[in-house]
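Here's a quick tour of a protein model and the small molecule it holds. Have the sequence and the 3D view open side by side, and find each spot as you go.

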Amino acid sequence: MFTFRTFIVARKGFALRTFATGVPSSSKAFTIPVIDFSKFKQAKSSAEKKQTAEEIVTAFKESGFVYLSNHGIPRDTVQTAFHKSKEFFALPSEIKDTLAWEDPRSNRGYVKIGRERVTQSADPAEIAALKEKAPDYKETYEIGREYDSEWQNQWPRASDAPLFKHTMLDFFQTCHNLHVDVMRSIALGLDLGESFFDDKIQDQCHNLRLLSYPPIKSSLLVNDGQARAGAHSDYGTLTLLFQDSVGGLEVQNPHTKTFIPATPVPDTIVVNVGDLLARWSNDVLRSTLHRVVSPQGKQINDAEKVTPQRQSIAFFCNPNFNAEVSCLPNCGSPAKYPPVNAGDYIIGRLAVTYD
Ligand SMILES: O=C(O)CCC(=O)C(=O)O
Ligand SMILES: [Fe+2]
């Protein structure tokens with residue numbers, strides 16, 4: 001039988017569902033389809049729009065993942081964001097360390113290698129042991145909305161990282177706009193009316209995460225449980241993931257439990273459903289486990305291989321932090337989960353993942 005793990009964040013006192021991969025589905029199909037989003041954006045009739053919306057919703061019900069092509073974000077924009085991200089991670093540690101991530105409520109700043117271990121576990125002792133034994137081999141830089149009365153982004157000085165702030169704030173806005181369109185397609189695909197989510201996602205409580213996986217001796221990634229990023233599901237509504245051509249992202253087929261590669265498809269964005277949208281939809285939409293493992297290493301001498309550097313950018317989309325997330329209409333009854341405040345949920349999930 002399928003089991004769901006639930007855990008309690010004592011500080012907050014509410015139950016969180018950690019993943020939705022156990023949902024029985026009418027279909028055992030598992031593919032990550034490439035969906036041409038221009039058909040939705042340029043549709044001449046609502047019937048045409050609905051067709052793409054239904055393709056997206058079907059994929060989110062079955063695998064929880066799609067590749068979005070013709071999404072409207074220019075290649076140049078993505079390349080510039082990757083370039084500026086690379087420049088940032090190349091800064092000396094002393095500079096990056098002054099920008100350290102400090103608080104899950106802020107969720108902004110630099111996270112050095114070993115500080116985060118993504119996992120489905122919510123047990124602090126288990127997470128600490130995993131971090132000790134098999135930390136995620138990655139460093140990240142987290143950006144939140146710039147206009148926030150309480151929390152500030154931790155920008156490097158312009159002299160250290162020219163145009164970094166400008167590039168990332170632009171990219172944040174670009175990703176927000178695309179996410180609104182994808183949420184509209186989901187609303188249409190679920191027969192909720194296209195603008196259903198609009199006023200629930202407008203506050204831009206998102207998290208733009210730059211990721212850098214340094215080159216590493218391949219032998220270090222084959223130890224027990226070791227990965228560039230351990231198996232996990234994402235926390236929010238949707239994730240827009242931009243990946244380079246190195247590879248390593250894998251998605252779990254929930255029926256067979258095997259992981260299949262989400263091979264990079266040029267000019268597409270990997271879009272996946274997070275736990276909060278799965279919960280919102282009463283598990284009609286699927287939040288699927290995924291991980292980043294070592295792609296084929298390069299032989300550097302007779303005995304050793306090195307796994308090349310990987311770069312990616314994830315835009316974690318969230319509802320407004322003051323939104324109440326309770327079972328959507330058209331998503332079956334009874335509701336499996338009590339209503340939850342979006343901000344409490346996301347911050348609760350972050351609080352247990354970081355040191
Ligand atoms: O780097 C990647 O491709 C995936 C990262 C990821 O899944 C995450 O940060 O949640
Ligand atoms: Fe993820």
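Helices (at least four residues) and strands (at least two) are DSSP runs, numbered from the N terminus. With that in hand, the loop that holds Asp267 can be placed: it runs between strand S12 (259-261) and strand S13 (269-273). Keep in mind that this is a predicted model. We'll begin with the ligand, then visit some backbone oddities, and finish with a few buried spots.

**Ligand 1 and its surroundings**

- Where does ligand 1 sit? Ligand 1 is found in the largest cavity.
- The shell around ligand 1 is made of Arg209, Leu211, Tyr213, His232, Asp234, Leu241, His290, Val292, Arg310, Ser312 and Phe316.
- Sorted by character, those shell residues come out as five nonpolar, three polar and three charged.
- Three strands each give at least two residues to this shell: S7 (207-213), S14 (290-292) and S17 (310-316).
- Tyr213 has a polar side-chain atom 2.5 Å from an oxygen atom of ligand 1.
- For Ser312, the distance from a polar side-chain atom to an oxygen atom of ligand 1 is 2.7 Å, and for Asp234 it is 3.1 Å.
- How much of ligand 1 does the protein bury? On its own, ligand 1 would expose 290 Å², and the protein buries 97% of that.

**A partner for Asp234**

- Asp234 also has company from the protein itself: its side chain and that of Asn272 are joined by a polar contact of 3.1 Å.
- Asn272 belongs to strand S13.
- Is Asn272 buried or exposed? Asn272 counts as buried because its relative accessibility is 2%, and the cut-off for buried is under 20%.

**Backbone oddities**

- Most residues other than glycine have a negative phi, and most peptide bonds are trans, so exceptions are worth a look.
- Asn107 isn't a glycine, yet its phi is positive, at about 50 degrees.
- You'll find Asn107 in the loop between helix H4 (93-97) and strand S5 (109-111).
- Asn107 has a relative accessible area of 8%, so it is buried.
- Asp267, also not a glycine, has a positive phi near 65 degrees.
- Asp267 is partly exposed, because its relative accessible area is 43%.
- Which two residues does a cis peptide bond join? They are Ser333 and Pro334, with omega at about 5 degrees.
- Pro334 is in the loop between strand S18 (324-325) and strand S19 (340-341).

**Helix H6 and a long-range neighbour**

- Gly189 is part of helix H6, which covers residues 164-189.
- With a relative accessible area of 16%, Gly189 is buried.
- How far apart are Gly189 and Val57 in space, C-alpha to C-alpha? They are 5.7 Å apart, although 132 residues separate them in sequence.

**Helix H8**

- Helix H8 spans residues 342-351 and is mostly covered, with eight of its 10 residues buried.
- The buried ones are Ala342, Gly343, Tyr345, Ile346, Ile347, Gly348, Arg349 and Leu350.
- Look at the start of H8 too: a side-chain oxygen of Asn341 comes to within 3.1 Å of the backbone nitrogen of Gly343.

Methods
Residues are numbered from 1 along each chain as its sequence is written. Chains are lettered from A and ligands numbered from 1 in the order in which they are written. This is a predicted model: local features need pLDDT of at least 70, side-chain atom pairs count only at pLDDT 80 or more; totals for chains, interfaces and linings use all residues. Side-chain values use heavy atoms; hydrogens and water are left out. A residue is near a molecule or strand if one of its heavy atoms lies within 4 Å of it. A polar contact is a pair of N or O atoms within 3.5 Å; within protein, one must be able to donate a hydrogen and the other to accept it, and residues adjacent in sequence count only if both atoms are side-chain atoms. Accessible areas come from the Shrake-Rupley method with a 1.4 Å probe; for residues, only the protein chains shown count as cover. On a 1 Å grid over the protein atoms alone, a cavity is a set of points where a 1.4 Å probe fits but cannot get out, and a pocket is an open set with protein on both sides within 12 Å along at least five of seven lines; lining residues have an atom within 4 Å of a point. A molecule sits in a cavity or pocket if more than half of its atoms lie within 2 Å of its grid points. Ala, Val, Leu, Ile, Met, Phe, Trp, Tyr, Cys and Pro count as nonpolar, Asp, Glu, Lys and Arg as charged, and the others, Gly among them, as polar. Buried means under 20% relative accessible area, exposed over 50%, partly exposed in between (1.4 Å probe, protein chains only).
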